[in-house]
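Here is a quick tour for anyone who likes to poke at coordinates. Load it up and follow along.

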Amino acid sequence: MNTPTDSPDVYDVVVIGAGIVGSAIARELSGYQLSVALLEARDDVGDGTSKANTAILHTGFDAKPGTLESTMVSRGYQLLSDYASRTGIPVEHTGAILVAWDDEQLDALPGLKEKAEANGYQHCEIVDSAAVYAAVPELGPGALGGLTVPDESIICTWTVNLALATDAVNRGTTLLTGHRVERIETDADGTTLHTAAGPVRTRWVVNAAGLGADVLDGLFGFSRFTVTPRRGELIVYDKLARPLVDKIVLPVPTSRGKGVLVSPTIYGNVMLGPTSEDLTDRTATGTSETGFDFLLEKGRALMPRLLEEEVTATYAGLRAAIDHGDYLIEADPAQHYLLVGGIRSTGLTAGIAIAEYARDQLVSAGLELTPAERLPDPPRMPNLGEAFERPYQQAEKIAADPAYGRIVCFCERVTEGELRDACHSVIPPAALEGLRRRTRVMNGRCQAFFCGAEVKSVFERESQESNR
Ligand SMILES: Cc1cc2nc3c(=O)[nH]c(=O)nc-3n(C[C@H](O)[C@H](O)[C@H](O)COP(=O)(O)OP(=O)(O)OC[C@H]3O[C@@H](n4cnc5c(N)ncnc54)[C@H](O)[C@@H]3O)c2cc1C
C-alpha cells in the first residue's frame, strides 16, 4: 500500500481504478495544475481486466458507427500508436484478416467493409479464398473469402497500463494502492471516500472502476446500469507455433462480440480465444474445462496444425459488459462526479482517447483547468516485445552492467538486471505476479518450474533494498 507523505488534505480530483482507463485519466488530469490521486483497491496497478485481454490495438473497423465507442477507438488507435512510439511500448503492425466460413458470412463482408468506412477506416479490402490462403497458409479448409484489415496490430497491454500509471505519478499524481472505496459521504465542500486504508477527501471524483463501476455509481445515488462480467478464456501456444500465424485471424463478428480469433502475441507466442460467457461472479477469472474444450473445437476448424503445438498457458479476463449499447460516460455536476463505465472490449485501445473525453466532460461540468507549467517527458519503458531487442541481446549494455547478461528465466530470457530495475522502478511490483507483468519472467513454457525460486529470491532482495 502506498502511503504518501506530502498528500494534500483535499485532492482536486480522485480517480478510482488504476486499470488502463483510470491510469490514462489520472495522467491526463495531472497535465494540469491539479492535485490528483489515483485510488486502487488492489496492491498494484493493472491487476484487473487490463492485464488479461487479447491485446489487440484495434482500428475500430467493426465498431457500431456513430457510437462514442467508435469515436474513442479510432482516436485511441492514433493516440496509443503515437504514445507507444514515444514510450517504447512494443507494437507489431501485423494486420488482420477476417475470414468467412459460409455463404452467410461471405455475404456479410461488403456490409462490414461499409461499416469500417462509416467508422472512418478506409483500408479494408474484400479478398477471395485464394488470397486468404496466401495470407494465412495454415488456415483450415473451407474458407470462402475474407476482409483484410491491414492496420490491426498487437501490443503489450501490461506495458500500456504501467506506462500510463508511471507517467501519471511522474506528473504528480499520488498513487494509493490498497484503497478499496467502500462508502462515500458528500457535503458542500466535496466528497469523503471511505476506503479500506482510511478516508480520502476530494473535490471531484472520477469513477473508472471497471467491473466495480456500477457499485460505486450506486454509492452516488444512481441505478442506471448493471455490470455483467463477461468471461473471455484464452489459450496461449508455445513460441514454436509462431511461424504458423503472422497475422490476426478474425471471425465474422456477432452480436455476442468479436468471436474467437487466432493471433500472434507480442511475446512471440500464438493465442486462441477468447470465449464469451456471462457470469455473475466478478472475481471468476479462472479458466474452465468447457471453455478449453470450446476453444479446442474452434481451433481445430480454424487451424488444425495449431492444435499439434504445445500449450504454454491458459488465462481468462472479465469484460465489464453493461446493459447499454455504448460506453457510459456521464458527469453529474452537482456532485462533482464523473462516471466512466461500460468500457467492455476496447478499453486498451481507447483508454487515452477516453481520458481526453473525460477531461472535457469534467470541464463542461465545471472543473477549471490550467495547464501545468512544465511536464516531465513520458517514461521510457523496458521492452517486452519479442520482435525488438531485449537486454540479453545487447552486448554493450551487458558490458556496462553484467546483471543484464545473467539470465534468470531461460524460457523468456529475462535477466537479473531487468528484475532489479522493475523492483526499483517508479511503481515497483507488489508481488511476483506484478514482476511477471513488468518483465515477462515466469511466463514461458516451464511456467516458473525452473526459475521460480531464484525469481522469488531476487524479488525479495531487491524489494527490500528499494524500501530502504
Ligand atoms: C477477454 C478480453 C479481451 C479483450 N481484448 C481487448 C483487445 O484486444 N483490445 C482492446 O482494446 N481491449 C480489449 N479488451 C478490453 C479491455 O481489456 C478493457 O476494456 C480495459 O482493460 C478496461 O480497463 P479499465 O481500466 O476500465 O478496467 P480495469 O483494468 O478492470 O481497472 C479497473 C480497476 O478498478 C479497481 N476497482 C474496482 N472497484 C474499486 C473500488 N471500489 N475501489 C478502488 N478500486 C476499485 C479494480 O481493482 C481495477 O484495478 C478485452 C477484454 C477482455 C476481458
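What share of the contacts in the protein with a separation of 6 or more comes from residues 24 or more positions apart? That share is 74%. Keep in mind that this is a predicted model.

## Overall build

Let's start with the whole chain. The protein has twelve helices and 22 strands. Its radius of gyration is 22 Å, close to the 23 Å from the globule rule for 468 residues, so the protein is as compact as a globular protein of that length.

If you lay the C-alpha trace along its principal axes, the spans come out at about 65 × 55 × 40 Å. Of the 468 residues, 51% are buried.

## Around the ligand

Now for the ligand. It is surrounded by 40 residues, and the closest are Gly-19, Gly-48, Gly-212, Gly-232 and Gly-347. Three elements give two or more residues to this shell: helix H1 (20-29), strand S18 (311-322) and helix H8 (347-364).

As for chemistry, the shell splits into 17 nonpolar, 17 polar and six charged residues.

## The annotated stretch at 407-460

UniProt, in an unreviewed entry, puts the feature "domain: BFD-like [2Fe-2S]-binding" at residues 407-460. Over those residues the chain is 46% helix and 9% strand. The C-alpha atoms at the two ends of the stretch sit 17 Å apart.

Helix H10 (residues 416-423) is a good one to zoom in on. It is mostly covered, with six of its eight residues buried. Those six are Glu-416, Gly-417, Glu-418, Leu-419, Ala-422 and Cys-423. What do the buried residues of H10 pack against? The partners are two strands, S21 (407-409) and S22 (414-415), plus two helices, H11 (432-439) and H12 (452-467).

## An exposed spot: Asp-293

For a contrast with that covered helix, hop over to Asp-293, which belongs to helix H7 (residues 289-302). Is Asp-293 buried or exposed? Asp-293 has 10 other C-beta atoms within 10 Å. The cut-off for calling a residue exposed is 12 or fewer, so Asp-293 counts as exposed.

You can also use Asp-293 as one end of a ruler. Put the other end on Gln-464, 171 residues apart from Asp-293 along the chain, and the C-alpha atoms of the two are separated by 43 Å.

Note on methods. Residues numbered from 1 in each chain as written. Predicted model: local features only at pLDDT ≥ 70, side-chain atom pairs only at ≥ 80, totals over all residues. UniProt positions renumbered as here; feature names shortened; annotations may be inferred. Helix = DSSP H or I, 4+ residues; strand = E, 2+ residues; numbered from the N terminus. Near = placed C-beta within 6 Å. Nonpolar A, V, L, I, M, F, W, Y, C, P; charged D, E, K, R; others polar. Rg over C-alpha atoms; globule rule 2.2 N^0.38 Å. Buried ≥ 20, exposed ≤ 12 C-beta atoms within 10 Å, placed from the backbone. Contact = placed C-beta atoms within 7 Å.
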